[in-house]
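Q: I should like a careful account of one part of this structure, with the terms explained as they arise.
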Amino acid sequence: MVNITHLLNEINDIDETLKTHKLSKQDYEAIIKILKRKPNLIELGIFSAMWSEHCSYKSSKKYLNNFPTKAPWVVQGPGENAGVIDIGENLCAVFKIESHNHPSFIEPHAGAATGVGGIMRDIFTMGARPVALLNSIRFGDVNDKGALGRKHRYLLRGVVEGISSYGNCMGVPTIGGEMSFESCYNGNILVNAFCLGIAKKDEIFYGRAEGVGNPVIYVGSKTGRDGLGGAVMSSDSFNSTSKAVRSAVQIGDPFAEKLLLEACLELFKQDLIVGIQDMGAAGLTSSSFEMAGRSGSGMIIYLDKVPMREEGMNPYELMLSESQERMLICAKKGKEQAVLDIFAKWEVDAAIIGEVTKSGVMELFWYEQKCAEIPIKELSENAPILDMPVREIQAQKDKATTLKTDLSTQEIFCTLLESVEIANKKWVYQQYDSSVQSNTITPAGSGDASIVRIKQSNIALSMSVDCNMRYCHLDPKNGAKIAVATSGRNSIVYGAKPLAISDCLNFGSPHNPEVIWSFQQVCEGIKESCKILNTPVVSGNVSLHNQSDGVDIYPTPSIVSVGLMNDASKIVPSSFQIQGNTIILLGEVKAEFGGSLAQKLLEGRIYGEIPSIDLLQELSLWNLMLEAIEARLLISAKDIGEGGLAITLAQMTLGNGEHQPIGCNVHTHLPSQLLFAPSQSCIIVEVAGENLNALKQMAKKYKVAFTEIGCVGGDIFCVDEINISLEEMQKLYFESFEKMIEQDL
């Protein structure tokens, strides 16, 4: 038995201890008021974890409360492990996106892998089998010729390896995602992981612990010292010395999680438990307090009964460790042995470590000695909600209606096509097993959204993650609107109706008033767009303190839109299909270059007004597309995004490299630079001649601009002044990224 006297005695150097635990003097005074005495070190550690930014959202919570979260199809909104929507046939989609940014910068492989493992546990802890993974990953200047470029290429390789290894080992397909590169991420990369699972509507489980005398059971991997202080570390900014702190990065074991997954899903088939919770950030602390807190219960935990992986562990370490692949279960009294037998069958550790009480207090024991006693409701309700100073950033006044460059139209096109932002990421997607489970309809990297079929039905689900961080930097509110609209539009082009979103709000230091203003504006943008587009927020995550040596990242609200398609046979591909078909532009291209990729690459900076978006016009475009696809009028479709109309046509020409490309002959009659304008609410569609008039009349009904711009066919890409062979395009598009990433190997 480890002597814990030093953990129970009065803390000597309180100032230094508070600093280590990221607590203020005001926090300490509040803790004393709650406990009616001074805390010991174990209790202080618990308060530190539960009141960290990562767990309490103390700087951001007040801005999140106004999100639209309800709709007839929403079964569970924010507040649980994941959001749940009804997709029909007594089935639900369970999904969420979360960040693992700081750990991935410190240890890219381990950090990214455990991010994937953690988000999967959030899904299957609710009774859903994971069926799809996405990721949104962002790096710094990978093209830099010096040490900075080598660093970020190393980080990129490590993150991709971590994502692929964990997902592949779990047998869950990674079906898509997004990747971007900006200098603001040089000191703080972003790794956001998304998972979606399927469950029966009447078999959803929640993170609750209630019923006096019901046993509390620990299941999963043994607890070690890895990840100690992870929640607190993720709630602090980087500096030049903190990046080397590796003890706070968890170590994952996907094979252990696979066994845990199968054991949990078998457990859910029987009437044995009241609730279950993943041990994520803050480990046993957050899972136990959250389960009891949601039910207004109390709990007793005997920490000496927790399965331990290392010698000499103490209560402080056991409560704050973030070892991976662990769950906490509230079982029904009398069903304990049946629960233990299931986990024994799957060779997963399980131990009864406590029981539910009616006291409303968390009581922790160490070999019959009480080592901590904290009122659960008071800890949760008195978590500090900070009213951080806000300073508005002055709006951009420049119109940015032209690109200042001497390059020809074709030279601009080639520059964009081979850029790391646009170039095909087959090097990445080839490492992901996107076809395991045999549900994937669109291979990873083949289009704007990713689609899986739901077995034993004709239903398909689309998923798309999107955010233009440059737009959010220049105009946070409208940038967020564009992120929500674009993520949904990426599903619309396939014929799936967006139903809900999950968001991961990545920002810099909350101590910077301009960061808080940007956060406030982004939340307003998300609220407005979700309300008009009828895509409520059902889950999400906030990641602040993404700052290194005083440099904040751009506001980066990664938005995942989940859409439903009732007839998977009507999915529209995103590449040209048939020679001779007509190419139509739906929507209006405008001279808007503020924050665009073309502006960044050609002028070396971003400035000016970002593209405008009319959400009602966006909704009209969505309705037009859904009706046209239902009537089978469209042969292929893709929305205009990064790089503008010319790049969209190029991607429709080239596809994902698995099929022979089909050229096109297009005459837009637009000023040449507008070929690269990333205008919103614009979609390119391929239509057979006999359906042209029907589509034109439908567009007229929805008041969407309809323009014939060319035809599909040939072995040349001819768009106004651009005239290039498909072979040359293929080299630029399919080979440049791989050359960049492998130059150090």
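Which strands each supply at least two residues of the lining of the second largest cavity?

A: Strand 4 and strand 6 each give at least two residues to that lining. This is a predicted model, in which local features need pLDDT of at least 70 and side-chain atom pairs count only at pLDDT 80 or more, while totals for chains, interfaces and linings use all residues. Residues are numbered from 1 along each chain as its sequence is written, and side-chain values use heavy atoms, with hydrogens and water left out.

Strands (E, at least two residues) and helices (H or I, at least four) are DSSP runs numbered from the N terminus. A cavity is a set of points on a 1 Å grid over the protein atoms alone where a 1.4 Å probe fits but cannot get out; a pocket is an open set with protein on both sides within 12 Å along at least five of seven lines; lining residues have an atom within 4 Å of a point.

The structure holds two cavities of 30 Å³ or more. The second largest has a volume of about 30 Å³, a volume being the space filled by probe spheres set on the points, which are joined across faces, edges and corners. Its lining consists of Val116, Leu133, Leu134, Asn135, Ile163, Thr174, Ala193 and Phe194. Strand 4 provides the largest share, three residues.

Strand 4 (129-139) and strand 6 (190-200) also appear at the second largest pocket, where they and helix 11 (254-268) are the elements that give two or more residues to the lining. Helix 11 gives the most to this pocket, with four residues. The pocket has a volume of about 630 Å³. Its lining comprises 24 residues, and Leu91, Arg129, Ile198, Ala199 and Lys200 lie nearest its centre.

Ala193, one of the residues lining the cavity, leads to a further site. Ala193 is touched by Glu98, as are Ile119, Asp122, Val191, Asn192, Cys504 and Asn541, not counting residues up to four places away in sequence; contact means heavy atoms within 4.5 Å. An unreviewed UniProt entry places a "binding site" feature at Glu98 and Asn541. Although these positions are spread over 444 residues of sequence, they cluster in space, with a largest C-alpha distance of 5.4 Å. UniProt positions follow the numbering used here, feature names are shortened, and annotations may be inferred rather than shown by experiment.

Glu98 lies in strand 3 (residues 91-99), and Asn541 lies in strand 17 (residues 537-543). Are these two residues buried, or partly exposed? Glu98 is partly exposed because its relative accessible area is 24%, whereas Asn541 counts as buried because its relative accessibility is 4%. Buried means under 20%, exposed over 50%, and partly exposed in between (1.4 Å probe, protein chains only).

The side chains of Glu98 and Lys96 are joined by a polar contact of 3.0 Å. The side chain of Asn541 makes a polar contact of 3.4 Å with that of Tyr57. Such a contact is a pair of N or O atoms within 3.5 Å; within protein, one must be able to donate a hydrogen and the other to accept it, and residues adjacent in sequence count only if both atoms are side-chain atoms. Besides Tyr57 and Glu98, Asn541 touches Ile97, Ser99, Asp503, Cys504 and Leu505, again leaving out residues up to four places away in sequence.
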